[in-house]
Amino acid sequence: MAYSPKILKEAEAHLEKIRKEKIQESETRKKILYQRFKRAAEIDMLLSKTAICAAKSVLEGANAKEELLKLKKSNFSLQKELNDILNSAGLPLDYLEIKYNCSYCNDTGYINGKICNCLKKTIKQLAYEKLNKLSPLSLSTFESFNLSYYPRELTSNGIEPRAKMEKIFKFCKDYAYNFSKDSKNLFMQGATGLGKTHLSLAIASTVIDIGYNVIYTSTPSIISKLEKERFNHINSEDNSENHLIECDLLILDDLGTEFQTSFSNATVYNIINTRIMYRRPTIISTNLSAKEIQNSYSQRLVSRIMGNYIRLYFLGHDIRQNYIK
Ligand SMILES: [Zn+2]
């Protein structure tokens with residue numbers, strides 16, 4: 001399957017920018033060295049001159065093998081002199097080399113016309129960034145989560161919301177900082193405004209920071225996006241549904257607020273079920289009660305979730321009302 005031309009172009013441009021930066025960095029290093037050691041600049045000039053001379057002689061009919069041997073000999077002594085200069089300056093021998101991010105393709109994105117893994121990775125990252133664009137990832141952190149909004153008064157079931165939320169908070173924080181591809185699935189349940197979105201966003205940004213691919217999305221917005229893609233017959237490798245299935249951590253916020261159709265239910269099931277099969281961690285949050293979930297979704301989806309997710313019940317008053325006070 002092919003990538004969409006738009007995202008491929010963007011990814012190529014991204015790599016090209018990195019490539020130019022790396023070349024520029026090496027030019028700057030060169031400049032600094034040549035200012036300190038005039039001889040290094042001379043050697044550089046001589047090295048490129050001898051290469052040009054050899055190429056010229058071959059073109060003019062000289063024996064290629066002989067010329068190459070001569071070139072190697074003269075280059076060897078020049079290179080040695082340059083290494084001595086680098087040594088005396090306390091610099092590594094590869095100081096002047098261009099340090100590309102990807103040594104396989106030198107940040108060109110292609111090896112013998114074939115797409116390099118680094119370009120594939122860039123395409124994915126760009127797609128994830130696009131999907132995450134609408135989420136306020138940077139606004140909700142563990143540090144800004146305020147436990148004092150949760151009451152200490154016991155509920156009718158004898159549970160103290162503050163203590164319960166302290167446990168959930170600690171659990172989520174540990175989950176985020178210790179995230180791995182083997183992490184469990186989480187099902188966050190509770191009324192609106194109890195901090196589910198805040199904590200799932202905090203998990204998302206922490207897990208992104210430690211280097212995993214995360215997609216955070218609200219269920220209604222992703223369903224309408226997938227519907228549009230299907231309507232427009234977008235079937236390339238970088239369609240959103242594939243990214244939702246492939247990312248290291250998927251966070252589906254607000255399950256149950258999407259406009260429910262047979263398409264939405266089938267899509268939600270497919271994403272959740274496929275990720276369970278591939279053992280890829282998913283976090284779902286919902287305002288629905290257990291009964292409402294049973295009424296809204298098929299039995300097979302409910303049993304997949306119940307059997308494969310750790311459930312976290314959020315308790316307390318709507319903390320957003322506290323902000324307004
Ligand atoms: Zn590469």
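C102 is a buried residue, since its relative accessibility comes to just 8%. In this predicted model, C102 also lends its SG atom to a zinc ion, together with C105, C116 and C118. Beyond the zinc site there are two domains to get to know, domain 1 (18–101) and domain 2 (134–324), plus a handful of helices and single residues worth a look.

**The zinc site**

- What coordinates the zinc ion? The job falls to four SG atoms, those of C102, C105, C116 and C118, at 2.3 Å.
- The site is tetrahedral, and the angles among the 4 donor atoms run from 98 to 114 degrees.
- Read along the sequence, the donor residues follow the spacing C-x2-C-x10-C-x1-C.
- C105 sits in the loop between α3 and β1 (110–111), while C116 sits in the loop between β2 (114–115) and α4 (117–132), so this pair ties together parts that are 11 residues apart in sequence.
- Are C105 and C116 buried or exposed? C105 counts as buried because its relative accessibility is 5%, and C116 counts as buried because its value is 4%.
- As for disulfides, the structure holds 0 of them.

**Two residues in the loop between α3 and β1**

- N106 belongs to the loop between α3 and β1, and its phi is positive, near 50 degrees, even though N106 is not a glycine.
- N106 counts as partly exposed because its relative accessibility is 33%.
- D107 is found in that loop between α3 and β1 too, and here again a residue that is not a glycine has a positive phi, this time about 60 degrees.
- Is D107 buried or exposed? With 2% relative accessibility, D107 counts as buried.

**Helix α3**

- Helix α3 covers residues 64–88, which makes 25 residues.
- From its first C-alpha to its last, α3 reaches 36 Å, close to the 36 Å expected at 1.5 Å a residue.
- Which residues of α3 are buried? They are E67, L71, L78, L82, I85 and L86.
- An α-helix has 3.6 residues a turn, so residues three or four places apart point the same way.
- The partners that the buried residues of α3 pack against are α1 (5–36) and α2 (38–59).
- After α3 comes G90, with a positive phi near 75 degrees.

**Helix α6**

- Helix α6 takes in residues 196–209, and its 14 residues should span 20 Å at 1.5 Å a residue; the end C-alpha atoms are 20 Å apart, so the two values agree.
- How many residues of α6 are buried? The count is 11 of 14, which leaves the helix mostly covered.
- Among the buried ones are K196, H198, L199, S200 and L201. The list also includes A202, I203, A204, S205, T206 and V207.
- The cover over these buried residues includes helix α5 and the strands β3 (185–189), β4 (214–218), β5 (249–255) and β6 (282–286).
- Just after α6, G211 has a positive phi of about 105 degrees.

**Domains and distances**

- How far apart are the centres of domain 1 and domain 2? Taken over C-alpha atoms, the separation is 56 Å.
- Y177 and E258 are 81 residues apart along the chain, and their C-alpha atoms are separated by 30 Å.
- S296 and C118 are 178 residues apart along the chain, with 42 Å between their C-alpha atoms. C118 is one of the zinc donors described above.

**Y177 and S296 up close**

- Y177 has its place in helix α5 (residues 161–177).
- Because its relative accessibility is 46%, Y177 counts as partly exposed.
- Leaving aside neighbours within four places in sequence, Y177 is in contact with F142, E143, T206 and I210. One of these, T206, is among the buried residues of α6.
- S296 has its place in helix α10 (residues 290–296).
- A relative accessible area of 24% is why S296 counts as partly exposed.
- What does S296 touch? Not counting residues up to four places away in sequence, the list is Q260, N265 and L288.

Note on methods
Residues numbered from 1 in each chain as written. Predicted model: local features only at pLDDT ≥ 70, side-chain atom pairs only at ≥ 80, totals over all residues. Heavy atoms only, no water. Disulfide = S-S within 2.5 Å. Buried < 20%, exposed > 50% of the residue type's maximum accessible area, 1.4 Å probe, protein only. Helix = DSSP H or I, 4+ residues; strand = E, 2+ residues; numbered from the N terminus. Expected span 1.5 Å × (residues − 1). Contact = heavy atoms within 4.5 Å. Donors = N, O, S within 2.8 Å, 3.2 Å for Na, K, Ca; no water. Tetrahedral: all angles 85-135°; square planar, octahedral: opposite > 155°, others 65-115°. Domains from an automatic or database assignment.
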